[in-house]
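Student: I'd like to go through this model with you and ask how each label is earned. Can we take it piece by piece?

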Amino acid sequence: IAEGENIACVPQRCWITTPGKGIWEALGRDAGCYSSCAALAIHVAEEWRKGNASAFAPYLRSLPTEADYRRFHPAYLQGEAPLNPDFDVWSGEGGLK
């Protein structure tokens, strides 16, 4: 593959990105209180709520579940022992340790 060569093209309708004006209109006067990341999270939550009616349903079903994350993610560690003492670890309560 040469530098700059396109190897795939994903149609824009398949992108799950910061939503269009619809989400901002739905938020109404509070829209200014949300960052684009928060708006994306709301958009993904709305697509998840639609279930199989969402065009993104197959993709959303492929994402890790909370149970998957509980098996490895530091945010779900119990107790005080981090995976690596050189890194801060989110304990899930009271901020970074």
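Student: Why is Glu-46 called partly exposed?

Tutor: The relative accessible area of Glu-46 is 33%. Buried means under 20%, exposed means over 50%, and partly exposed is what lies in between (1.4 Å probe, protein chains only). Glu-46, at 33%, falls in between, so it's partly exposed.

Tutor: A word on the ground rules: this is a predicted model, where local features need pLDDT of at least 70, side-chain atom pairs count only at pLDDT 80 or more, and totals for chains, interfaces and linings use all residues. Residues are numbered from 1 along each chain as its sequence is written, and side-chain values use heavy atoms, with hydrogens and water left out.

Student: What makes Glu-46 and Arg-49 a salt bridge?

Tutor: Their side chains meet with N to O at 2.8 Å. A salt bridge needs a side-chain nitrogen of Lys or Arg within 4 Å of a carboxyl oxygen of Asp or Glu. Since 2.8 Å is within that limit, the pair counts. As a rule, side chains of opposite charge can pair when their charged atoms come close.

Student: Where do Glu-46 and Arg-49 lie?

Tutor: Both are in helix H2 (residues 36-50), three residues apart, which is about one turn of the helix. Helices here are DSSP runs (H or I, at least four residues), and strands are too (E, at least two), numbered from the N terminus. By that count the protein has four helices and zero strands, in the order α-α-α-α along the sequence.

Student: Is Arg-49 buried or exposed?

Tutor: Exposed, because its relative accessible area is 60%, over the 50% mark.

Student: Glu-47 lies in helix H2 as well. Is Glu-47 buried or exposed?

Tutor: Glu-47 comes out at 8%, which is under 20%, so it's buried. Buried residues make up 15% of the 97 residues in the protein.

Student: What does Glu-47 touch?

Tutor: Leaving out residues up to four places away in sequence, Glu-47 touches Ser-54, Ala-55, Phe-56 and Leu-60. Touching, or contact, means heavy atoms within 4.5 Å.

Student: How do you know that Glu-47 makes a polar contact with Lys-50?

Tutor: Their side chains come to 3.0 Å. A polar contact is a pair of N or O atoms within 3.5 Å; within protein, one must be able to donate a hydrogen and the other to accept it, and residues adjacent in sequence count only if both atoms are side-chain atoms. The 3.0 Å between Glu-47 and Lys-50 is within 3.5 Å, so the label fits.

Student: How many salt bridges are there in the whole structure?

Tutor: The search finds four. One of them joins Glu-66 to Arg-70, with the closest N and O atoms 2.7 Å apart. Both residues lie in helix H4 (residues 66-70), four residues apart, about one turn of the helix. Glu-66 is at 44% and Arg-70 at 48%, so each is partly exposed.

Student: What makes Arg-71 and Asp-68 a salt bridge?

Tutor: Their closest N and O atoms are 2.7 Å apart, which is within 4 Å. Arg-71, at 65%, is exposed, whereas Asp-68, at 23%, is partly exposed.

Student: What about aromatic rings: how many pairs turn up?

Tutor: The search of the whole structure finds one. It's Tyr-69 with Phe-72, whose ring centres are 5.5 Å apart and whose planes are at 40°.

Student: Why is the pair of Tyr-69 and Phe-72 called tilted?

Tutor: Rings of Phe, Tyr and Trp (its six-membered ring) pair if their centres lie within 6.5 Å; planes under 30 degrees apart count as stacked, over 60 as edge-to-face, the rest as tilted. The 5.5 Å makes Tyr-69 and Phe-72 a pair, and 40° is neither under 30 nor over 60, so the pair is tilted. Tyr-69 is partly exposed, at 32%.

Student: Last one: how many disulfides does the structure hold?

Tutor: Zero. Cys-9 has its nearest cysteine sulfur, that of Cys-14, 9.6 Å away. A disulfide is a pair of cysteine sulfur atoms within 2.5 Å, so a pair at 9.6 Å doesn't qualify. Cys-9 is exposed, at 74%, and Cys-14 is partly exposed, at 39%.
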